[in-house]
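Welcome! Here is a short guided walk through one protein model, meant for someone meeting it for the first time. Please keep the 3D view open as you read.

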Amino acid sequence: MTKRRRHLRGIVRVALIWAFAGALVGALIEVLADTLPGGLQMASLVDIWPPALAVIGFVGGGVVASVFGVAEGSILGTLRSVVRFRRFELSPAARRLGRCASVDDLREVARRRLPRGVFGYIDGAAEDERTRARNCNAFHRLEFRPRVLRDVTNVDPRATVLGRRHPLPLILAPTGFSRIADSQGELAVARAAARAGITYSLSTLGTRSIEEVASVSSGPRWFQVYVWKDRGLVAELVDRARESGYEALLLTVDVAVLGRRERDIRTGFTLPPQLGLDTIVDGIRKPGWTWDFLTSEPIIFSSAVSRDAAGGTGGVDAMGLAQYVNEQFDPKLAWDDVDWLRSIWDGPIVIKGVQTVEDAVLAADAGVEGIVISNHGGRQLDDAPPTMELLRPVADAVGDRLDVLIDGGVRRGSDIAKAVALGARACLAGRAYFYALGAGGERGVDLVLKWFDEGFRRTMALLGARTVDEITPESVLWRNR
Ligand SMILES: Cc1cc2nc3c(=O)[nH]c(=O)nc-3n(C[C@H](O)[C@H](O)[C@H](O)COP(=O)(O)O)c2cc1C
């Protein structure tokens, strides 16, 4: 075909595309004329709009293509080479997540999607929430000291925690009542964690049972224990955890009494949620969450109940158990109880909630395999110290006797690197995956775990660290304390 004929064909094609677009616009006007109030006044005209606009489009398109001396080969070709149409995403969760680039974005989507009280339960902390904020700020006050020219073609993010290899120094923290964010709750988180090979810790106050979680996850799992006055019940939970293949016990020790969550008081949030005019209005404004909540089975504390009390099936209603827990939390909990726990569990024990060097030393003396420096994400004692400030002194004191872990404010892969630099074997993350669950269910958790992995690897490469052992105290420095 000659160049001239190719050019002419191009012009005709452009003209036809414009004609088609004109006809579409005309049809749209026709529909609007039928539906809009007052639209009928245009009725006599509408019939001619699609063909008229098609003709105008054909002539206009042809003129534009000829005037610019370009046709399909150039205009459309160029357009095609620079513009790609995005496939329309059918899943609303995927659409929401597609607009997120960080944990802060997930938090924002969760804030918009969940009722105010539910979001406040996840996001909130004790009293003025200063410790919660300081946990995060401590990460912001640490700067990196990147080393360069160190061939980082192969970066190995694996870490050893309690003698087991982990794909990266990250463990999912126990969080109670996960089904408040998404009806799949703990099952969704455990499945996503197993896919990523990351250890999932199930809370005593989980809303899916020890056995249910084990049945959907072949990945590594820890079980978190609150010690209640009824030691028989605790022993039974420990037995069930052993039978279901949980590898370690996390003994949480910072809840002698419950912290005062003032946000919950302001929003009127209770577990389980109680209906009032404000909660009904809130629910109507969050239809996605409300539909999920109303169409799934009632939320119960599935794990933390004796097999007998639950009629062998596991679970009592959350209201009953909330009262029960308040009566059962044992403020007498003391170091002797660690010995008792050791007598009924032969796997590793990790004490969660250590907040001073002195207690870290006592934990090492008690012979536990690990500690988590934790203030419960700032949910218990406001003005408890930000965990990252404790890390180096604690790691120096006991890092050679047990595994030092840390949580509170971990939101990025680079936060994990900072904690490793100051002596942590691994970090635990709580809200990061809880926001993700609220923003996009199981997909959300997959996404946040992917970000943690990518972010940690990227940080290692940019720091010039090829293995976690090469992330050292010299890799970071405090800006101005
Ligand atoms: C909504 C929520 C529920 C929690 N429930 C528990 C729990 O049942 N047991 C426990 O030991 N810690 C619990 N925690 C504390 C976490 O395990 C962890 O210490 C904390 O979330 C770490 O801070 P981060 O959220 O900033 O990562 C909970 C935290 C949140 C946010």
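Let us begin at a small landmark: Gly367 follows helix H17, and its phi is positive, near 85°. Before going further, please keep in mind that this is a predicted model.

**Helix H17 and its two sides**

Helix H17 spans residues 357-366, and in it Ala360, Ala363 and Ala364 are buried. Why do the buried residues of H17 line one face of the helix? Looking down the axis of H17, you would find them within an arc of 100°, so they end up on one face. The other side of H17 carries Glu358 and Asp365, which are exposed. What do the buried residues of H17 pack against? Their partners are strand S10 (349-354), strand S11 (370-373) and helix H18 (387-398).

**Strand S6 and its neighbours**

Now turn to strand S6, residues 221-225, which is mostly covered: 5 of its 5 residues are buried. Arg221, Phe223 and Val225 point one way from the strand, while Trp222 and Gln224 point the other way, and all are buried.

S6 pairs with strand S5 (residues 199-202) in the parallel sense, over 3 bridges. Within that pairing, Tyr200 has Arg221 of S6 as its bridge partner. To get from S5 to S6, the chain passes through helix H10 (residues 210-216), making a right-handed β-α-β crossover.

S6 also runs parallel to strand S7 (residues 248-252), joined to it by 4 bridges. Here Trp222 has Ala248 of S7 as its bridge partner. The chain travels from S6 to S7 through helix H11 (residues 231-243), and this β-α-β crossover is right-handed too.

The two pairings can be set side by side:

| Strands | Bridges | Sense | Bridge partners |
|---|---|---|---|
| S5 (residues 199-202) and S6 | 3 bridges | parallel | Tyr200 and Arg221 |
| S6 and S7 (residues 248-252) | 4 bridges | parallel | Trp222 and Ala248 |

**Two residues to look at**

Val227 sits in the loop between S6 and H11. Is Val227 buried or exposed? It counts as buried, because 23 C-beta neighbours lie inside 10 Å. Leaving out residues up to four places away in sequence, Val227 touches Val234, Asp330, Leu333 and Asp337. Its C-alpha atom is separated by 8.0 Å from that of Thr252, although the two residues are 25 residues apart along the chain.

Trp340 belongs to helix H16 (residues 335-344). With 14 other C-beta atoms within 10 Å, Trp340 is partly exposed. The C-alpha atoms of Trp340 and Ala235 are separated by 9.8 Å, and these residues are 105 residues apart along the chain.

**Around the ligand**

The model also has a ligand, with 24 residues around it. Which of them come nearest? They are Ala173, Gly176, Gly377, Gly430 and Arg431. By class, this shell has 8 nonpolar, 12 polar and 4 charged residues. Helix H20 (residues 431-463) supplies the largest share of the shell, 3 residues.

**The whole protein**

Finally, step back to the full view. The protein has 20 helices and 14 strands. Of its 481 residues, 45% count as buried. Among the contacts with a separation of 6 or more, 72% are between residues 24 or more positions apart.

Methods. Residues are numbered from 1 along each chain as its sequence is written. This is a predicted model: local features need pLDDT of at least 70, side-chain atom pairs count only at pLDDT 80 or more; totals for chains, interfaces and linings use all residues. A residue is near a molecule or strand if its C-beta atom, placed from the backbone, lies within 6 Å of it. Helices (H or I, at least four residues) and strands (E, at least two) are DSSP runs, numbered from the N terminus. Ala, Val, Leu, Ile, Met, Phe, Trp, Tyr, Cys and Pro count as nonpolar, Asp, Glu, Lys and Arg as charged, and the others, Gly among them, as polar. A residue is buried if 20 or more other C-beta atoms lie within 10 Å of its own, exposed if 12 or fewer, and partly exposed in between; C-beta atoms are placed from the backbone. The arc is that of the directions from the helix axis to the C-beta atoms. Two residues are in contact if their C-beta atoms, placed from the backbone, lie within 7 Å. Two strands pair if DSSP finds at least two bridges between them. A crossover is right-handed if, with the strands pointing away from the viewer, the path from the first strand over the helix to the second runs clockwise.
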